[in-house]
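Hi everyone, thanks for coming. Today I'd like to walk you through a structure, a few places at a time, so please have it open in front of you.

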Amino acid sequence: MPNRYLLGISEDQGLDAEQLRIAYDLQTAILEAAVDGVIVIDDKGLIRLFNQGSEQLFGYSADEVLGRNVACLMPDKYAAHHDGYMHNYHHSGHAKVIGIGRDVEGLRKNGTQFPMHLSVGRTDTSIGRLYVGICHDLSDYKQALHKLHVAEQRYREIVESQTELIIRLDSHLRLTFINPATCRFFQCQKPDQLLGSSLLDQVHEDDRLILKRQLTKLNATTRDEAQTMRIRMLRLNGEARWFEWRVRQMLEGEHFGSWEFQGFGVDITEQVRAREQMDFLTSHDPLTGLLNRQGFTDQLNQRLNASGWRGGVVLLNLDCFDIINETLSHTAGDMALKMAAERISHSLAKTDLCARLNADEFIVMLDGTDRAEDLSSVTHRLQSRLSEPFSIAQQPFNLTACAGISICPDNGLTSEALMRRAQAALREAKSTGRNELVFFSEELETRSRSAAELELGIRQALDQDLFNLVYQPKYHLHDDSLQGMEVLIRWFHPEWGPVSPARFIPFAETNGLIVRIGQWVFDKACQQWREWVDAGLQVPLMAINISSRQLESWGFKENLMNTLRTYSVPACAIELEITEGAALNHTHEQMELILALRAEGFRIAIDDFGTGYSSLSQLSSLPASTLKIDRAFVSKVLPTSAEEPVIEAIIALGHSLNLEIVAEGVENEAQRDFLKSLGCEVAQGFLYSKPLEAEQFRELLRAL
């Protein structure tokens with residue numbers, strides 16, 4: 001190996017050969033072990049030493065550069081000034097690179113440039129002044145630094161492009177970083193407007209304590225865990241928006257014993273509102289805004305869970321509400337329901353509850369009292385408010401409501417029991433009339449329990465032909481001659497005995513059995529008509545009641561005509577009695593059906609006239625031949641009665657439309673004479689005859 005590393009050592013120093021060898025070996029070992037390049041130059045800039053690290057760094061062998069100017073290892077921009085720097089130093093003693101380190105660029109043998117850190121020192125030796133340069137390759141460092149810069153730029157672009165809010169907080173919950181999305185949300189021009197301020201200032205006051213507690217809890221967890229929280233953030237204009245934050249504790253907090261958090265926030269206001277709307281619709285009626293069945297039940301259960309709670313449950317059903325939908329419109333009906341809901345809710349105390357259960361049924365919970373007198377007083381007030389005139393589309397009308405009441409704890413301790421028993425009381429109220437009020441009782445409980453049995457009994461009676469028909473004669477008032485008959489249904493149950501039509505007919509209407517019953521009555525009546533005619537009897541006009549449900553049923557007219565053909569009964573022998581509500585508050589389709597029945601030859605009678613809410617002017621549009629006065633008006637006629645305005649008006653109206661007038665429930669001569677004096681043509685009632693069995697009516701026909 002050449003003596004390229006033996007510098008500053010000479011025989012003048014008095015070293016023997018062995019010492020020189022040891023010094024040489026030591027110097028060689030140090031220089032060969034050096035990872036960085038070590039280059040020594042003299043005052044003229046000539047290379048005097050070039051270690052293996054330099055060979056690897058610059059690509060030259062030592063033999064190629066020893067004795068050459070060190071400028072050969074520099075790019076032109078450095079090489080051109082190197083000799084000038086050396087000259088200035090020798091004359092002024094001021095150095096720009098000696099004794100310091102700086103980042104420069106080196107030039108490899110293959111002409112490529114690379115970054116390096118150069119540290120230069122000066123030493124005086126026996127052979128003169130020398131300069132030692134330590135060259136450290138910065139290529140990997142620079143590449144890593146570039147990658148870090150690229151990564152940082154990408155991170156910044158990602159953060160700045162995010163639509164979610166990104167923040168960092170110090171130990172006092174002060175903002176130390178916010179991304180542009182956070183600036184935009186808080187309506188600030190620059191981040192400096194928020195940096196350093198407390199996050200709590202931007203949080204809704206009701207959520208500040210929640211935020212502090214959750215961050216305190218997060219500080220006690222491991223760093224890898226994140227906390228999700230929902231809080232309301234305030235914008236500059238005061239608007240509160242719901243945000244879902246995912247917050248994680250940062251590493252810096254461990255070293256300084258303080259809280260450091262980074263949070264990512266997403267605006268979930270619309271989702272929260274949608275959820276609130278869905279929850280509202282789950283528990284509230286969308287038309288009136290009142291609670292619905294589920295919402296009422298839930299809140300009633302909360303009251304019942306409170307020990308010692310007392311109160312009442314009132315079920316209200318609007319009487320004949322369908323008439324509004326049919327005569328005006330469903331829009332008018334909806335408006336009426338809204339008005340009814342307002343009247344009910346405004347009549348209650350703050351602690352009471354009100355809900356709409358279905359189309360025309362409301363339920364009320366009266367809080368704090370189980371006294372029947374108090375509950376009755378409040379309920380009557382509700383009925384009175386509902387009976388006040390309504391005005392929709394400039395058309396005034398009146399409503400009434402029946403009410404059923406159950407009491408806690410007397411009638412039950414659960415919402416299901418109280419509501420079921422209020423329903424039983426309501427059914428009883430509706431069966432007795434309009435605007436009625438009934439409290440639940442044990443008797444009603446017994447009836448309620450028998451509802452399933454009643455339905456089964458009706459179905460069995462239809463299947464096994466257990467119903468029976470009776471016939472009530474109708475007479476001309478001017479000469480007391482037989483005018484016709486009304487067909488009535490009767491039911492004698494083998495275990496219960498006689499069951500009143502007032503009991504099972506409304507039940508059948510409610511539970512969808514009336515269509516089958518009506519068809520059974522029509523079939524049996526036509527069969528009886530045929531038997532009497534075949535027996536040579538002169539059979540007068542036979543009146544058969546028709547339910548409004550029958551008019552709505554599919555194939556009603558066809559079924560009637562098939563029955564007539566089966567028993568060879570002419571349609572003109574049958575008078576169809578249709579209640580006032582069904583006749584005068586018809587749909588377009590029902591009107592066409594009634595006209596079609598009249599065209600087939602049926603006579604049409606309007607039954608129970610005067611008990612509905614119909615407009616009397618609608619009579620003129622119907623192909624009716626008969627108008628029947630309800631027994632409720634006839635019963636008011638007393639022996640001392642000189643006038644009865646309602647009856648007089650009905651008879652006058654009927655005659656103006658060329659209708660025959662039939663009075664129901666005539667029970668004494670005073671009633672008969674009064675009706676006759678007003679020109680009423682026909683009467684039926686116990687004064688003349690009770691309803692007769694088929695055989696009894698046969699004998700009546702034979703006696704004519």
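How many bridges join strand β11 to β13, and do the two run parallel or antiparallel? The count is 7 bridges, and the strands run antiparallel. Before I go further, please keep in mind that this is a predicted model.

Let's stay with β13 for a moment. Strand β11 covers residues 311-318, and one pairing you can look up is L315, which stands opposite I363 in β13. Strand β13 also pairs with β12, residues 353-358, through 5 bridges, and that pair is antiparallel too. Here C354 stands opposite V364 in β13. If you follow the chain from β12 to β13, you pass through a hairpin of 2 residues. As for how covered β13 is, 6 of its 7 residues, which span 361-367, are buried.

Now please find helix α12, residues 330-346. This helix has 17 residues and reaches 24 Å from its first C-alpha to its last, close to the 24 Å expected at 1.5 Å a residue. Which of its residues are buried? They are A332, G333, A336, L337, A340, A341, R343 and I344. I'd point out R343 to you, an arginine in that buried list.

On to strand β10, residues 261-267, where we find Q262. With a relative accessible area of 14%, Q262 falls under the 20% cut-off, so Q262 counts as buried. What is Q262 in contact with, once we leave aside its neighbours within four places in sequence? The partners are I167, R168, R246, V247, R248 and M250.

The same strand takes us to salt bridges. The rule used here gives 37 salt bridges in total, and I've picked three for you.

In the first, the side chains of D267 and R241 meet at 3.1 Å, N to O. This pair links distant parts of the chain: D267 sits in β10 and R241 in strand β9, residues 240-249, with their positions 26 residues apart. Is R241 buried or exposed? R241 counts as buried, because its relative accessibility is 15%. D267, on the other hand, is partly exposed at 27%.

The second is E486 with K628, where the closest N and O atoms are 3.2 Å apart. Again, distant parts of the chain are linked: E486 is in strand β19, residues 482-493, K628 is in strand β24, residues 626-629, and they are 142 residues apart. Both ends are covered: E486 is buried with a relative accessible area of 5%, and K628 is buried with a value of 0%. These two also belong to a network of salt bridges, linked with K474, E575, E577, R603, E660 and E664.

The third pairs D534 with R530, at 2.8 Å between the closest N and O atoms. Both residues lie in helix α18, residues 514-534, 4 residues apart, or about one turn of the helix. D534 is exposed, because its relative accessible area of 55% is over the 50% cut-off.

Last stop, the surface. Which residues make a nonpolar patch of about 310 Å²? Y141, L145 and L148 do. L145 lies in helix α5, residues 139-161, and with a relative accessible area of 39% it is partly exposed.

That's my tour. Thanks for listening, and I'm happy to go back to any of these places with you.

Notes:
Residues are numbered from 1 along each chain as its sequence is written. This is a predicted model: local features need pLDDT of at least 70, side-chain atom pairs count only at pLDDT 80 or more; totals for chains, interfaces and linings use all residues. Side-chain values use heavy atoms; hydrogens and water are left out. Buried means under 20% relative accessible area, exposed over 50%, partly exposed in between (1.4 Å probe, protein chains only). Contact means heavy atoms within 4.5 Å. Patches are made of residues with over 30% relative accessible area and no salt bridge: like charges are joined within 9 Å, nonpolar side chains (Val, Leu, Ile, Met, Phe, Trp, Tyr) within 5 Å. Accessible areas come from the Shrake-Rupley method with a 1.4 Å probe; for residues, only the protein chains shown count as cover. A salt bridge is a side-chain nitrogen of Lys or Arg within 4 Å of a carboxyl oxygen of Asp or Glu. Two strands pair if DSSP finds at least two bridges between them. The expected span of a helix is 1.5 Å times one less than its number of residues.
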